[in-house]
Amino acid sequence: MSADDIGTGRDVFIDAALFLGMHSADDTVRVAAKAFFVRHLDGRVVMSLEQVGRCDDVIWGYSRELQDLYYPFMDHLHTVMDISREGYDRADVRLALSDTGTPPWLPFTDRMLLGQVINRKGLLHTVGGRSEAFDGLPVRAVADWPAGQPEPSFPEPLERLYRESLALRLPVGPGALSEGV
C-alpha cells in the first residue's frame, strides 16, 4: 500500500485504464501506472470482473504475437500480487442505477464501477484526466512519476517480463479509456 492509502481503511480499487496504463504509448502515463503497481505489489487491490474483461477485450484486439509477449507479464503479476477480482452485488447495482448514488451523465460502465467502489467504501485509482469526470467522488488519479527519477522496477522475474511485454504499447492516456474502451 502506498503512503496515500495507509490508514484510510479503504479498499484500493483499480480500473482498466490504470492496469492498461502500464503499457501506454505515453511514457508519463506508463511510468505513473507502473509506479502504482510497484508500490502496491505487496498489498491488496480490488478490480471488478468487468474491468478485468475490458482489459482482455483490448488485448485480444492485437496480434497473437503481441498477446504472447504481453500475457506472461500480466499472468505473473496476477499471481504475485493480491488482485481481488470481484463481481458486482445487488447493492453495487442499486447505487449505479440511482441518480443520487452515481452521476447520471457518466457512462454506465463507470457508474457500475463507482457503485461498487462507493458501496464497499473504497477508493478508485485511475490514470490522468480520466479522474476529472469523477470530481467529488472517491476517485484518485495516480501521480506522475517525478521527472529525473529512475523508473521504478518490479522484482525479477516480473521486471524482465514487463520489459518484454512493452512490445505492446497502447493508446492509453487521458480520456482514451472511456466506456467501451
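This is a short dialogue about reading strands, helices and cores in a predicted model.

Me: Before we start, what should I know about the numbering and the values?

Reply: Residues are numbered from 1 along each chain as its sequence is written. The model is predicted, with local features needing pLDDT of at least 70, side-chain atom pairs counting only at pLDDT 80 or more, and totals for chains, interfaces and linings using all residues, while side-chain values use heavy atoms and leave out hydrogens and water.

Me: Happy with that. Are the two faces of strand β4 covered or bare?

Reply: In a regular strand the side chains alternate between the two faces of the sheet. Strands (E, at least two residues) and helices (H or I, at least four) are DSSP runs, numbered from the N terminus. Buried means under 20% relative accessible area, exposed over 50%, partly exposed in between (1.4 Å probe, protein chains only). In β4 (residues 123-126), Leu123 and His125 are buried on one side, and Leu124 and Thr126 are buried on the other.

Me: Which residue stands opposite histidine 125?

Reply: Strands pair if DSSP finds at least two bridges between them. Here β1 (residues 12-14) runs parallel to β4 with 3 bridges, and isoleucine 14 is opposite histidine 125. Strand β5 (residues 139-141) is also parallel to β4, again through 3 bridges; in β5, alanine 141 is the partner of threonine 126.

Me: How many residues of helix α2 are buried?

Reply: In α2 (residues 27-40), 10 of the 14 residues are buried, among them Val31, Phe36 and Phe37. Their cover is judged by contact (heavy atoms within 4.5 Å), and includes β1, β4 and α7 (158-165).

Me: Why do the buried residues of α7 line one face of the helix?

Reply: The way to see this is by the arc of the directions from the helix axis to the C-beta atoms. Leu158, Glu159, Leu161, Tyr162 and Ser165 are the buried ones. Seen down the axis, they fall within an arc of 160°, so they line one face. Their cover includes α2 and α4.

Me: Which residues touch the most other members of the largest nonpolar core?

Reply: A nonpolar core is a set of buried Ala, Val, Leu, Ile, Met, Phe, Trp, Tyr and Cys residues joined through side-chain atoms within 4.5 Å. Of its 36 residues, Phe19, Met22, Phe37, Leu77 and Phe154 touch the most other members. Apart from this core lies another of 10 residues, including Val46 and Leu124.
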